[in-house]
Amino acid sequence: MRRFWLVLLILPPLLALAVLPPFGQRLVTLIGIYALLGLGYQLVFGQLGALNLAQGALFGVGAYGAVLTIPSLGDASVLAAPLAAAALATLALAALVSLIAVNAESLTGGANGLTGFGSASAHGKLLMAVVWIVLIASVLTYARLFSGHLGEGARLLREAPLAAATLGIDGARWRFTAFVTGAAFAGFAGACSASLNGVVSPEVAGFPIMVMCLTSVVVGGVRHPMGAVLGAGLAVCLPELFRGLEAGWLLAYAAATLAVVLWAPQGLAGLIDQPPARAVPVLPEQFVPVRGAQRLTLDRVTKRFGGVDALSDVSLTIERGEVVGLIGPNGSGKTTLLNVISGLECADGGTIVLDGTHLERWPAHLIARTGLGRTFQTPVAEATRAAELARVLQRQPAFLLLDEPAAGAGEGERERLVLLLRKLRDAGHGVLIVDHDIELLAKACDRLVCLDRGVVVAVGRPGEVRQDPKVQASFLGLAA
């Protein structure tokens, strides 16, 4: 974070303590509470691109949880609230909070809510200090974590979830962790809200809280560390500034939100602070010898989509230190085979074995961790394709699955690809490459495998496969 943002983050509570009256201090405390709620929501919605509509209900869980545990825990009830919210998040019960709050009168006070606990909880300047200390620490931690590898992993999950899985990133675990952590933020914010207001009623878990959280994050900046703080400041201050307009401020706020969505999709923080250029991985000049598994074996692998056999009894072996080309007409099952090997599709039959370890039922992220790397069809600039391969090679996989890396490439790029494949072979990688350019594959590959309608019709050295009548008929388009 730039120094400008650090000043903007620390200044509100200092000004509130120094010059603002009690009402102003209350507003600053409320900004901090809503910023904590929004910061938790940024983990799920901003970083991972997942829509979570339970954040407002979890805010209510924290409020009720803190109030109900005050008699036994005292000030420590503010710590029990995030735990309760996180637990309910894992059980997916947050949507029931409003219903329980209204109907469980003996526990929640029903529609009238709960009161009379204010003297037993933190309030005034102490509450404001607690809220802003936690907020400042959380924003700085968020900024540091997502400025490095964690931020790149989140970007991949958000923009290219299949590529993320083949890089060993467990998307389900990331989303679960983000949802639970975001729920804890919501619970803590709800507990502080209860202490601030001195009353907890079903409205604290209502959908308007969720709408406020969502719009403030969008307006402030869905991924910027200060986005939730800016959005919370607007959500709290605009009603006070336009109080004379009565309900008209809602229309103004809605119009401002729409304008930000249309013309500043990164939010106000993104307008002020443009994100830095992302570091692009580059291919090394020399490849270090790779270690790991020695042999990848497919035996009678089958994959069906409905009544269509995309792959039928496909068997092949790839050794470390060899390049195998996979050819065949469009629709022959080449990409499907790569998907099955890498775990993006589950085989319906047969086995996939890596040095004695069966992979055919493993998820993609676990297969990637065994030493399999995968690229995808990206018929764009050479730099983009090189960056994708460089990112995969950072994990030093023993085997590489390359899906049409020469698609849309010019002659010079194809020659460089041949040299690259030779370097990968010399470094000990086993490579399975899919491409339609049989001349390129003949220069770079030790063996060719030809698929036709999901069936292996030829295997052998490039010259042998090119002369095979079945290959000439199905792939080269010559008379059988």
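**Close-up 1. Helix 2 and helix 12 cross one another in this predicted model.** Helix 2 (residues 22-47) and helix 12 (residues 227-241) have axes that come within 7 Å and cross at roughly 140°, and that angle makes helix 2 oblique to helix 12. The crossing of these two helices is right-handed. On the side of helix 2, the contact includes Phe 23, Leu 27, Leu 30, Ile 31 and Tyr 34, and also Ala 35, Gly 38, Leu 39 and Gln 42. These residues meet Gly 227, Ala 228, Val 229, Ala 232, Gly 233, Val 236, Cys 237 and Glu 240 in helix 12. Sorted by class, the contact of helix 2 with helix 12 has twelve nonpolar, four polar and one charged residues.

**Close-up 2. Helix 7 packs against helix 10.** Two packed helices are described by the angle between their axes and the distance between the axes. For helix 7 (residues 124-145) and helix 10 (residues 171-197), the angle is about 160° and the axes lie 10 Å apart, which makes helix 7 roughly antiparallel to helix 10, as angles over 145 degrees are counted in this way. Helix 7 passes helix 10 in a left-handed crossing. Helix 7 contributes Leu 127, Val 130, Val 131, Val 134 and Ser 138 to the contact, while helix 10 contributes Phe 185, Phe 188, Cys 192, Ser 195 and Leu 196. The residues of the contact between helix 7 and helix 10 divide into eight nonpolar and two polar, with no charged residue.

**Close-up 3. Strand 5 is buried and pairs with strand 10 and with strand 11.** Five of the five residues of strand 5 (residues 323-327) are buried, so this strand is largely enclosed by the rest of the structure. In a regular strand the side chains alternate between the two faces of the sheet. Both faces of strand 5 are covered, since the buried residues include Val 323, Gly 325 and Ile 327 on one side and Val 324 and Leu 326 on the other. Strand 5 pairs in the parallel sense with strand 10 (residues 430-434) over four bridges, and Val 323 has Val 431 of strand 10 as its bridge partner. Strand 5 also pairs in the parallel sense with strand 11 (residues 447-452), again over four bridges, and here the bridge partner of Val 324 is Arg 447.

**Close-up 4. Four strands form an open antiparallel sheet, and helix 15 lies across three of them.** The order of the strands in this sheet is 4-3-6-7. Strand 4 and strand 7 (357-358) stand at the edges with a single partner strand each, so one side of each is left without a neighbour in the sheet. Strand 3 and strand 4 run antiparallel and are joined by eight bridges, and Leu 298 stands opposite Leu 316 in strand 4. Helix 15 (residues 334-342) lies across strand 3, strand 4 and strand 6 (349-354), and runs at about 115° to strand 3.

**Close-up 5. Arg 300 and Asp 313 each have a positive phi.** Arg 300, in strand 3 (residues 295-305), has a phi near 55°, a positive value in a residue other than glycine. With a relative accessibility of 48%, Arg 300 counts as partly exposed. Asp 313, which is placed in strand 4 (residues 308-319), is likewise not a glycine and has a positive phi of about 50°. The relative accessible area of Asp 313 is 38%, so this residue is partly exposed.

Definitions and conventions. Residues numbered from 1 in each chain as written. Predicted model: local features only at pLDDT ≥ 70, side-chain atom pairs only at ≥ 80, totals over all residues. Heavy atoms only, no water. Buried < 20%, exposed > 50% of the residue type's maximum accessible area, 1.4 Å probe, protein only. Pairing = 2+ DSSP bridges. Axes fitted to C-alpha atoms, helices over the stretch in contact; angles between N-to-C directions. Parallel < 35°, antiparallel > 145°, perpendicular 65-115°, else oblique. Left-handed = near helix turned anticlockwise from the far one by under 90°. Contact = heavy atoms within 4.5 Å. Nonpolar A, V, L, I, M, F, W, Y, C, P; charged D, E, K, R; others polar.
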